[in-house]
Amino acid sequence: MPVADSAAGIDGPAADDDGGAFHEGAFDDAYGRLVDYVGGGADPSDPADVLAMQMVLRIEKTDPPDRSELLTAAGRAVALLCLDDRSGADGPWAAPMDDWCGARIRKIARRARGAQWAAAQEVWGLSVTEGAAQARAIVPGRVGDVDKRISRLQIGGTDIGGALSQARPEHGVCLWINPDLEMTVGKCAAQVGHGAMLAVALMSSTRAFEWRSAGCPLVVRESSSARWQTLLAADAGGTAVAVRDAGFTEIAPGSVTVIAELL
């Protein structure tokens, strides 16, 4: 597969691999896919046929990133990939995105260092830098077909230290993490990525386009127990949106891991 974006920044969302542009309906198609997403779907009988988005977190052994910055980079990378014009209309990522969003959404976070991170940039996807942290979202596909440059990366060992702020921002997209769950940074990254996708449903098409054009800025916070109850009520009322985990790893099925709020 061709190279998509560099680790240092983000290519223009409307640019294809040849530097051209897709028609105007590409963003609307990518936006509509997220707004219409309802989740669910049965797993295939063959585990190799499971569809998943691989996420690559750059975690250097001697200089690990800040936890907050890494989770923010992960959430932005997923949102930007989902809203990229290459993911809509006749874009090269549209079919795999349709298939993935039509099945049970899964994300798998992996750790990369040095040359591993550089090699990951050669696989279809989109990388984001947030402060000193970097994360890459890979175009979804069959688990059995994961590129070796990604499949060889370690899934475990992605935990890093650092506390998240509980301060509520004044505006923008805020992804609140459940304070009562113990999750590794890899698990959190996958949940934050899902929250960034679902947050789009809280936006009009115009606001979503502006958000994408700005690089999908967001903040990741850990909720207080009191605020969490308010957020759950907001989700029930349709003014926030919750991520409910399928329970494949680390936590119980149905657990609310992240709630996205648009301020």
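**Figure 1. Overview of the predicted protein chain.** The protein chain exposes about 11,100 Å², an accessible area obtained by the Shrake-Rupley method with a 1.4 Å probe, where for residues only the protein chains shown count as cover. Carbon and sulfur atoms supply 50% of this area. The model is predicted, so local features need pLDDT of at least 70 and side-chain atom pairs count only at pLDDT 80 or more, while totals for chains, interfaces and linings use all residues. Residues are numbered from 1 along each chain as its sequence is written, and side-chain values use heavy atoms, with hydrogens and water left out. The protein chain holds 8 helices and 9 strands; these are DSSP runs numbered from the N terminus, helices being H or I with at least four residues and strands E with at least two. Of its 263 residues, 51% count as buried, meaning under 20% relative accessible area (exposed is over 50%, partly exposed in between; 1.4 Å probe, protein chains only). Among contacts (heavy atoms within 4.5 Å) with a separation of 6 or more, 80% join residues 24 or more positions apart.

**Figure 2. Packing of helix 2 against helix 7.** Two packed helices are described by the angle between their axes and the distance between the axes. Helix 2 (residues 67-83) and helix 7 (residues 205-213) pack at an angle of about 120 degrees, and their axes are 10 Å apart. Axes are lines fitted to C-alpha atoms, for helices over the stretch in contact, and angles run from 0 to 180 degrees between N-to-C directions. Helix 2 is therefore oblique to helix 7, as angles under 35 degrees count as roughly parallel, over 145 as roughly antiparallel, 65 to 115 as roughly perpendicular and the rest as oblique. Ala79, Leu80 and Leu83 of helix 2 meet Ala208, Trp211 and Arg212 of helix 7 in the contact.

**Figure 3. Packing of helix 1 against helix 7.** The axes of helix 1 (residues 25-36) and helix 7 come within 11 Å and cross at roughly 105 degrees, which makes helix 1 roughly perpendicular to helix 7. Helix 1 contributes Phe27, Asp28 and Tyr31 to the contact, and helix 7 contributes Ser205, Ala208, Phe209 and Arg212.

**Figure 4. Surroundings of Gly75 in helix 2.** Gly75 counts as buried because its relative accessibility is 0%. Leaving aside residues up to four places away in sequence, Gly75 touches Val192, Gly193, Ala196 and Leu218. The C-alpha atoms of Gly75 and Gly193 are separated by 4.2 Å, although these residues lie 118 residues apart along the chain.
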